[in-house]
Every structure is written in structure tokens, then in C-alpha cells.
Amino acid sequence: MTDLAKRFPFLQRRPDLRGAVVPAGLVLLWWLATALQWVDTKIVASPPAVLDAFWQAAVGGELWHNLGASLQRNLTGFVVGGLIGLAFGTLLGLSRLAERLVGPTFHAAKQIALFAWIPLLSAWFGFGEPAKVAFIALAVFYPVALNSFEGIRATRVELYEVARVLGLSRTQRLFKLVLPSAAPAIFTGLHLGLIYAWLATIGAEYFFSAGPGIGNTMIDGREHFEMDQVLYGLVVVGAVGLLLNRLAAWIETRTLAWRVRPH
Amino acid sequence: MSTTRAAAVPRSLPHWRWHWQSPGLARPLNWLSVKAGALLLPAALLLLWHTAVTREWVSAQILPPPELVLQTFLDLARSGDLWFELSISLQRVLIGSLLGGLVGLALGLLMGLSRQVEAYLWPLFQAIAQVPVLGWIPLLMMLVGIDEGLKYLVIAKAVLVPMTINTFAGIRNIPASYLEVAQVYRFNLVQRLHRVILPAALPSIFTGVRFALTKGWIALVTVELLASSEGIGYLMVDGRQMFQLDLVIVSMLVIGLVGLLLDKGLALIETRLQRWQRQAF
């Protein structure tokens, strides 16, 4: 037991059970309401029905099929939008001229709510996979571009002068000084981008054509009045969002560990 | 916000610099060049857009000419349709934000004031906040239908989260010494709230309001795109369905403009309200 507790420190901490009281009460109320027929069980699914629907989807493989499709879409959009955003932000950060010319337009375009792009994107890219990926990429582009721009702008001029004195070439300066010093900000942007990408994935699946995807699972569930399907979709969406967030934070600490390493 | 932050960095990379000989003329000319530079790209894009349509590089259906977009905007503004749809949308944001804002404020206050309440409610709040607004929409549609109630609830959820977090953090970040002084004066709860806690937490709460309204506006656009027969988001869906992209582009611009005005307007009120804080310098 002590061995186990040593290996997994979270076991030593006793969880605060007070936080579970209200959710447990709500689930109990929900369960009672459906079991005692206070509500129409044709509309409101009972907790066992939701668990069952989840179980069926997991065993039958639909869940993994849909989740896989969503994640693949999410990742493609993230890579496309992240790369374009990074390149754009770097250019804007390095060149005052580029910032003066493009910056104001960029900041103005940022004001348009992300989802307001959907009708226009659907007219240009259709309703299929390209439109979905383009929308996710757009969602990732803004935070990545903005944060890499600000990170690069914050490069300390003293360091840059040292690099010039040492005779580093332009490319060397970019890769040995500017990008590493902007890395924390760039990672913040990528982290935000990952959160936005997941949101955009669900949104893209709602608005564009039907197909495999966890957002489609929820929309289908609503259309066919199957609340169990909607509810397990909701939990999966939340859980994946949480996992992506944790993953990004983990990669961030790992990759940027050199920042805190003692000399 | 981002521009001011970037500008606040005092020294940055020496790159493209423009040195004018006359120091007296340097500043206005520099200012002029910055403004002109900012307009250069939009002007070039507009010209490209215009040429692309008139030379028929792209069909006018895929990309309506800029003149048509302007004309559509003027028509909509003159006939009053635009103001009608916009007033419906703004009304929805107002009611939804009031609902979510008041609940969020109460929740933040309660959790901020009592560790006991925090222990009971914080995990549930986090779980609800974790699932984005978009995820809640299908469930809410099943529970309350697609009428006004849905819009209010979706906006309220979007507003609730930043309001609660900012109120909560604002109260928790009050320096302990303030509360100790209140204790020395033997303030009761009402006095403590009125004289110490609320004034000290106000800046954070107001940041919450500003952030929340922006979120509420975005949520409104989303929900109107999904299920509505009125409002600025509907105008866009309607334009898309009839393949009138000029209507879509006008709606996009209006949505962006209203979002910007909301944010800037609240920022202005924020500085006004908090002027007393700046008296020291």
C-alpha cells in the first residue's frame, strides 16, 4: 500500500468528496425522475440508458469510428492552420514593413466571430471534408499567428546584438535566437490553437455535411430524438477537450524544460 | 489589445526603420506613413477583388463584386431590415447576458466568500465549463426546443463561465490585509461587502463583464446560425441558402463591427469607472 502510494503520489492525497455531493445528487434526481416516470422517458433518457448507449457504441465500434474521424480532421486542420499561422506570425514579427502593411487588416479580420465564416466557407469550399478542414485551420490560425508575432516582437534587443557581434547569419539568428526565445509564446499559441481546433471540429461537423464524427453523432441523436446518444456525445466531447488540453500542457512543460534548468 | 501590448514592448528588433532628416516633421510624417501603410493592403485587396469579378476570373456568384456588397448594405440599412434583425439579436444578447451574468455573479460571490461553497460547487462548475457551448446546444434543443428560450440559455451559459471565474478570482485575490483591517473595524458582512470586497474585486468583475459580453455575442451568432428565423445570424443563413453572398458578407462585417463596438465601448466604460484607482499617478 505504501509502495503504491509512493509510486502514485495522487493516492496519498485524499480526494475532497464534497465536490461530488451536488453532481451525485443531480444524477440521483435524474435517475428518480426517469425511473418514477416524472418525465416522459421517450424524451428524457435515463442514466442506465445513457450508459448502455455508450457501451453499445464502444463495443460496436461506432464510437471509435466517429471519434477517429473527428480527431483526424482535428489534427489535419491543426497542422495546416498552425503552420500557416506560425509562418505568418514570424513574418509579421520579423518585419516592421510586413506588420505595417498586413497587421491592421489582420487585427480587423480577427474581430469577425469564427462561426460567421461558415456560410462563406461553405460557398467556397462546399460542404465536404475540405470545408471542415479549412474552418478548423482558420480557428487555429489566429491564436498561433498572434502569439508567435508577440513572442518574436518581445525578443530582447541585447541578445540580438550579441548574436550580430558573434557574426551569426540571418538564418542562424532566426533558428538559434529568435525562435527559441519566442518558443514559450509560440507554445501558448499552439495550446490555444488546439483548444480552438477541437471546438471548430465539433462546429464544422454540425454545420457542414453529415459524415462520421462525434459532432455528427450528437446532431443525429437530436434529430432522431435519442437523448442517450446526445448525452454520451456531450461527455465524450468534454473528455476529449480535457485530454487535449492536458496533453498540450504536458508537451509544453516537457519541451520548454530547458527554461527552468539550473545553470 | 494585442497591438497595444506589442507597442508597449519598449525595445525590439532593429529592423525596418524610417529616419527622416527633419525632427519636427518626422512624427507627423511617420504617423501618416503608418496610416497609409495600414490602408494599402485593404485597398489592394479591394482592387484585386473588383478586378477579379469584372474580368470574370471568378464568377460573381462565388464572389460578389464589392459595389454589390456596398449596395446591399445600403439597401438593408435604408429599408430598416438590418436594424430590425440587429435589434432582435441584441435583445437576445441582452436578456441572455443578464440571466447568465447575474447567476455567474452570484455563483462567483458565493464561492469566493465561502470555502465551503467552493468545495461543493467548484468541481461541478468546472465540469460544466469544460464542455463548450457548442456541445450543449443539441441537448438544450431537445430540452427546451428551438425557440427564444434556447438562445437565452446558450448565451447565458457562454456568459456564466467568465463571469463566475472573474468574480471568484477577484474576491480571492483581495489582499488579506484589507480583510484584516475590516476585522479590526468589526465590520459586519454587509459592511465588508460594500466597503471592502466589492470595490476591491470590481476591476476583475468588470473584466469578466467585458469578456463575457464578447463571448455572449459569439454564442448568439452560433446559435442563430443553427436554429433561428430572425436575427443577424439568420440573415446570413438566408443569404447563403439563396446563394446571395453579398448578404453573407454584409452580415459578417456587421457581426464583426458590433463585436468590436461592444468590446471597445466596455473598455471605455471600464477606464471611466476605474479612474479613481489611477489617482496616485
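A residue counts as exposed if 12 or fewer other C-beta atoms lie within 10 Å of its own, and as buried if 20 or more do. In this predicted model, B:F243 has 12 other C-beta atoms within 10 Å and is therefore exposed. The residue is located in the loop between α10 and α11 of chain B. Its phi is positive, about 55°, although B:F243 is not a glycine. A second non-glycine residue of chain B with positive phi is B:E56, for which the angle is about 60°. B:E56 belongs to the loop between α2 and α3 (66-79) of chain B. Because 8 other C-beta atoms lie within 10 Å of B:E56, this residue is exposed as well. In chain A, a positive phi, near 55°, is found at A:F225, which follows α10(A).

Chain B contains eleven helices and zero strands. Its order along the sequence is α-α-α-α-α-α-α-α-α-α-α. Of its 281 residues, 32% count as buried. Among the contacts in chain B that link residues at least 6 apart in sequence, 71% are between residues at least 24 apart.

Two helix pairs were examined, one in each chain. Two packed helices are described by the angle between their axes and the distance between the axes. In chain B, the axes of helix α4 (residues 81-113) and helix α7 (residues 148-172) come within 6 Å and cross at roughly 30°. Since angles under 35 degrees count as roughly parallel, α4(B) is roughly parallel to α7(B). The crossing of α4(B) past α7(B) is right-handed. The residues in the contact of α4(B) with α7(B) comprise 18 nonpolar, ten polar and four charged.

In chain A, helix α8 (residues 157-165) and helix α9 (residues 170-207) have axes that come within 11 Å and cross at roughly 170°. Because angles over 145 degrees count as roughly antiparallel, α8(A) and α9(A) are roughly antiparallel to each other. On the α8(A) side the contact is made by A:L159, A:Y160 and A:A163, and on the α9(A) side by A:R173, A:L177 and A:S181. By class, the contact of α8(A) with α9(A) has four nonpolar residues, one polar and one charged.

The largest nonpolar core holds 110 residues. The members that touch the most other members are A:F135, A:I136, A:A139, A:V140, A:A197, B:V154 and B:I155. Apart from its neighbours within four places in sequence, B:I155 is in contact with B:R92, B:V93, B:G96, B:S97, B:G100, B:G216, B:A219 and B:L220.

The contact between the chains takes 51 residues from chain B and 53 residues from chain A. On the side of chain B that touches chain A, two or more residues come from each of α1 (2-8), α2 (23-54), α5 (115-130), α6 (133-144), α9 (189-226), α10 (232-241) and α11 (245-273) of chain B. The most is given by α11(B), with eight residues. By class, this side of chain B has 37 nonpolar, eleven polar and three charged residues.

One chain A residue that reaches across to chain B is A:V22, in helix α2 (residues 18-35) of chain A. Leaving aside neighbours within four places in sequence, the contacts of A:V22 are with B:Y120, B:L121 and B:L124. A:V22 counts as partly exposed because it has 14 C-beta neighbours inside 10 Å. The C-alpha atoms of A:V22 and A:E252 are separated by 34 Å, with these positions 230 residues apart along the chain.

Helix α10 (residues 214-223) of chain A is mostly covered, with eight of its ten residues buried. The buried residues of α10(A) are A:I214, A:G215, A:N216, A:T217, A:M218, A:I219, A:G221 and A:R222. Their cover includes α4 (62-94), α9 and α11 of chain A together with α6 of chain B. In helix α11 (residues 227-255) of chain A lies A:V240, which is partly exposed because 18 other C-beta atoms lie within 10 Å. A:V240 and A:L71 are 169 residues apart in sequence, whereas their C-alpha atoms are 9.2 Å apart in space.

Terms used
Residues numbered from 1 in each chain as written. Chains lettered and ligands numbered in written order. Predicted model: local features only at pLDDT ≥ 70, side-chain atom pairs only at ≥ 80, totals over all residues. Core = buried A, V, L, I, M, F, W, Y, C linked by C-beta atoms within 7 Å. Contact = placed C-beta atoms within 7 Å. Helix = DSSP H or I, 4+ residues; strand = E, 2+ residues; numbered from the N terminus. Nonpolar A, V, L, I, M, F, W, Y, C, P; charged D, E, K, R; others polar. Axes fitted to C-alpha atoms, helices over the stretch in contact; angles between N-to-C directions. Parallel < 35°, antiparallel > 145°, perpendicular 65-115°, else oblique. Left-handed = near helix turned anticlockwise from the far one by under 90°.
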